[in-house]
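Work through the exercises below with the sequence and the model open. Try each task before reading its solution.

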Amino acid sequence: MTTIGIIGCGKIGGTLARLAADAGHHTILSNSRGPGSLRELAAQLGDRARAATPEEAARDGDLVVVSVPLKAYRQVPAADLRGRVVISTVNHNPGRDGAFPGIEAGETTAAGVLQAHLPESPVVQAFSNIFFKHLATLGRPAGAPGRCALPIAGDDAAAKARVAALLDTLGYDAYDAGALGESRRFAPGTPGGNAYLDPEGMFAAPGRPLSAAALAELLA
Ligand SMILES: NC(=O)c1ccc[n+]([C@@H]2O[C@H](COP(=O)([O-])OP(=O)(O)OC[C@H]3O[C@@H](n4cnc5c(N)ncnc54)[C@H](OP(=O)(O)O)[C@@H]3O)[C@@H](O)[C@H]2O)c1
């Protein structure tokens, strides 16, 4: 079993913590307010979960999920993450995060901004195009009918392989969308960014399961 550090334990990070704990992984939960605010969640997740600081989650995680608003990226502890594979769920939401001219100009992506802040940690973008409620419910065992593929993007092949193996344990196939910059193909507002939303009901409707072939079409 893997130890998953989680920096940012809100809607997406908290959902991933639950999926990881259910899959038998150890989890280290952290946020901006400190471990005290996460003890109840850690207790709910069982013996293999603990609340900690972002620095501890970074140092002690085999894989570390960064799931904070983009505007907080400078506070992600780069020194403690050195050498760690980082999974970024981070998107640019201008209303929440403010302007990022490089992203708006198409020169970089939210994951690219985080990667520039973490030059010694391979960043893999994942779980960033699925609504947290759908992430909680669409997972299926390997080989089950209707199992979803989720896109991942990153520049380091070994890091992507580790993230794909994690996705498999959480109930999802990984679809390799290419280098980190290719995460633009599943950023918010793109067809790939809405991949699991039922167009008829959007966020209120149950998630729409999507095969790798259907996802590939949306990303093309
Ligand atoms: N919501 C979705 O369905 C969804 C789907 C895909 C991708 N995303 C992306 O995933 C990221 C997280 O979204 P979310 O909806 O889960 O947000 P959220 O519910 O607001 O949670 C954000 C988390 O980040 C923590 N945080 C903020 N600043 C931090 C810092 N400096 N250090 C450590 N932790 C910090 C917050 O801690 P405190 O509460 O203690 O401040 C909170 O735990 C965003 O970039 C979002 O665009 C969201």
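The exercises cover an annotated region, a helix, an aromatic cluster, the cysteines and a strand pair.

This is a predicted model, in which local features need pLDDT of at least 70, side-chain atom pairs count only at pLDDT 80 or more, and totals for chains, interfaces and linings use all residues. Residues are numbered from 1 along each chain as its sequence is written, and side-chain values use heavy atoms, with hydrogens and water left out.

**Exercise 1.** Describe the region that UniProt annotates at residues 3-92.

Solution. The unreviewed UniProt entry places "domain: Pyrroline-5-carboxylate reductase catalytic N-terminal" there; such annotations may be inferred rather than shown by experiment, and positions follow the numbering used here, with feature names shortened. Next, take the secondary structure: residues 3-92 are 33% helix and 23% strand. Helices (H or I, at least four residues) and strands (E, at least two) are DSSP runs, numbered from the N terminus. Last, the end C-alpha atoms of this region lie 27 Å apart.

**Exercise 2.** Decide whether helix α7 (residues 110-117) is largely enclosed or not.

Solution. Start with the cut-offs: buried means under 20% relative accessible area, exposed over 50%, and partly exposed in between (1.4 Å probe, protein chains only). The buried residues of α7 are A110, A111, G112, V113, L114 and Q115. Six of the eight residues are thus buried, so α7 is largely enclosed by the rest of the structure. Its buried residues pack against β4 (63-66), β5 (85-88), α6 (101-104) and β6 (123-125), where contact means heavy atoms within 4.5 Å.

**Exercise 3.** Find the aromatic pairs and classify the one between F131 and F203.

Solution. Rings of Phe, Tyr and Trp (its six-membered ring) pair if their centres lie within 6.5 Å; planes under 30 degrees apart count as stacked, over 60 as edge-to-face and the rest as tilted. The structure holds three such pairs. F131 and F203 are 4.8 Å apart centre to centre, with 80 degrees between the planes, which makes the pair edge-to-face. This pair links distant parts of the chain, 72 residues apart: F131 is in the loop between β6 and α8 (132-137), and F203 in the loop between β8 (173-176) and α10 (212-219). F203 is partly exposed, at 48% relative accessible area. Together with F132, the two residues form one aromatic cluster.

**Exercise 4.** How many disulfides does the structure hold?

Solution. The criterion is a pair of cysteine sulfur atoms within 2.5 Å. A search of the whole structure finds zero. As for exposure, C9 is buried at 13% relative accessible area, and C148 is buried at 0%.
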